Amino acid sequence: MRKKKYPYFLLMTITLIGLVLLPFAIVKRSFKDWIIVYLVSFIGNFFSDKYLVTRGYLKYPKKLFPKYKIHLPFDFIHYPLMLLYYNQWTLNSKPFGIILKLFPFIIPQTIIETFASKKTNLIKWKKGWTWYHSLISLMLKLLICRGIIALIRTINKGTFL
């Protein structure tokens, strides 16, 4: 495979894997809860990605949808899928468990993003953005979305206030 087509092949492969896994993540337990998790995750990630791109920290030179400046497959498939599985895994966890269970999600994602930044033309880090910025921002986004979902569940149960 030619080096020029490798980034597109990689992007298509991980997008297809995400699309195949997505229905399995949503069908579990309460369908309504997982749809809310999905919506919160893609809306939150869409705005954070848009902010980072417009501020010049990230750039996506090669995209499946060149018309958009953000990375649509990550914003609408990869990240929501990751958050769905993270929320399902931490559903009944204590705070320490919630934090500890972040690492199996954020470490591989950070490694993949670092590889994509250094070896492909899928993502470019600018203005001093590095792997640890990605690690910390991913951790914060997962915890914030997890907190929003926990708040929604608490309100729905009627145990809030």
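In this predicted model, Leu52 is part of helix H2, which covers residues 31–54. With a relative accessibility of 16%, Leu52 falls under the 20% limit and therefore counts as buried. Apart from residues up to four places away in sequence, Leu52 touches Tyr57, Leu58 and Trp129. The C-alpha atom of Leu52 is separated by 9.1 Å from that of Ile70, a residue 18 positions away along the chain.

Ile70 is also among the residues in contact with Asp75, once neighbours within four places in sequence are left aside. Asp75 belongs to helix H3, formed by residues 72–89. The remaining contacts of Asp75, counted in this way, are Phe42, Asn45, Phe46, Asp49 and Pro80. With Asn45, the side chain of Asp75 makes a polar contact of 2.6 Å. Asp75 is buried but takes part in no salt bridge. The nearest side chain of opposite charge is that of Lys141, at 6.2 Å. A salt bridge requires a distance within 4 Å, so the pair Asp75 and Lys141 does not qualify.

A second residue of helix H3 is Ile77. Its relative accessible area is 12%, and Ile77 is therefore classed as buried. Outside the four nearest places in sequence, Ile77 is in contact with Thr15, Gly18, Leu19 and Leu72. Between the C-alpha atoms of Ile77 and Leu21 there are 9.6 Å in space and 56 residues along the chain.

The loop between strand E1 (58–59) and helix H3 contains His71. His71 has a relative accessibility of 10% and so counts as buried. A polar atom of the His71 side chain lies 2.9 Å from the backbone nitrogen of Phe74.

On the surface, a nonpolar patch of about 600 Å² is made by Phe96, Ile99, Leu100, Phe103, Ile107 and Ile111. Helix H4 (95–100) and helix H5 (103–119) are the elements that each give two or more residues to this patch. Phe96, one of the patch residues, is located in helix H4. The relative accessibility of Phe96 is 64%, which is over the 50% limit, and Phe96 therefore counts as exposed.

Phe103, another member of the nonpolar patch, is also touched by Met139. Met139 is a residue of helix H6, the helix that spans residues 131–157. Leu102 and Ile106 are likewise touched by Met139, with residues up to four places away in sequence not counted. The C-alpha atoms of Met139 and Phe103 are 8.5 Å apart, although 36 residues separate the two in sequence. At 21% relative accessibility, Met139 is not under 20% and so counts as partly exposed.

Ile136 lies in helix H6 as well. A relative accessibility of 45% places Ile136 in the partly exposed class. The C-alpha atom of Ile136 is 9.6 Å from that of Thr110, and the two residues are 26 positions apart along the chain.

Helix H6 is preceded by a loop that starts after strand E2 (124–125), and this loop holds Lys127. The phi angle of Lys127 is near 55°, a positive value in a residue other than glycine. Lys127 is exposed because its relative accessible area is 60%, over the 50% limit.

For the protein as a whole, the secondary structure consists of six helices and two strands. Along the sequence these elements follow the pattern α-α-β-α-α-α-β-α. The protein has 161 residues, of which 41% count as buried. Considering contacts between residues at least 6 apart in sequence, 70% join residues at least 24 apart. The exposed area of the protein is about 9900 Å², and 71% of this area is supplied by carbon and sulfur atoms.

Key
Residues numbered from 1 in each chain as written. Predicted model: local features only at pLDDT ≥ 70, side-chain atom pairs only at ≥ 80, totals over all residues. Heavy atoms only, no water. Helix = DSSP H or I, 4+ residues; strand = E, 2+ residues; numbered from the N terminus. Buried < 20%, exposed > 50% of the residue type's maximum accessible area, 1.4 Å probe, protein only. Lys, Arg positive; Asp, Glu negative; His and termini not counted. Polar contact = N/O pair within 3.5 Å; in protein donor to acceptor, adjacent residues only side chain to side chain. Contact = heavy atoms within 4.5 Å. Patch = residues over 30% accessible without salt bridge, like charges linked within 9 Å, V, L, I, M, F, W, Y side chains within 5 Å. Areas by Shrake-Rupley, 256 points an atom, 1.4 Å probe, with all protein chains shown as cover.
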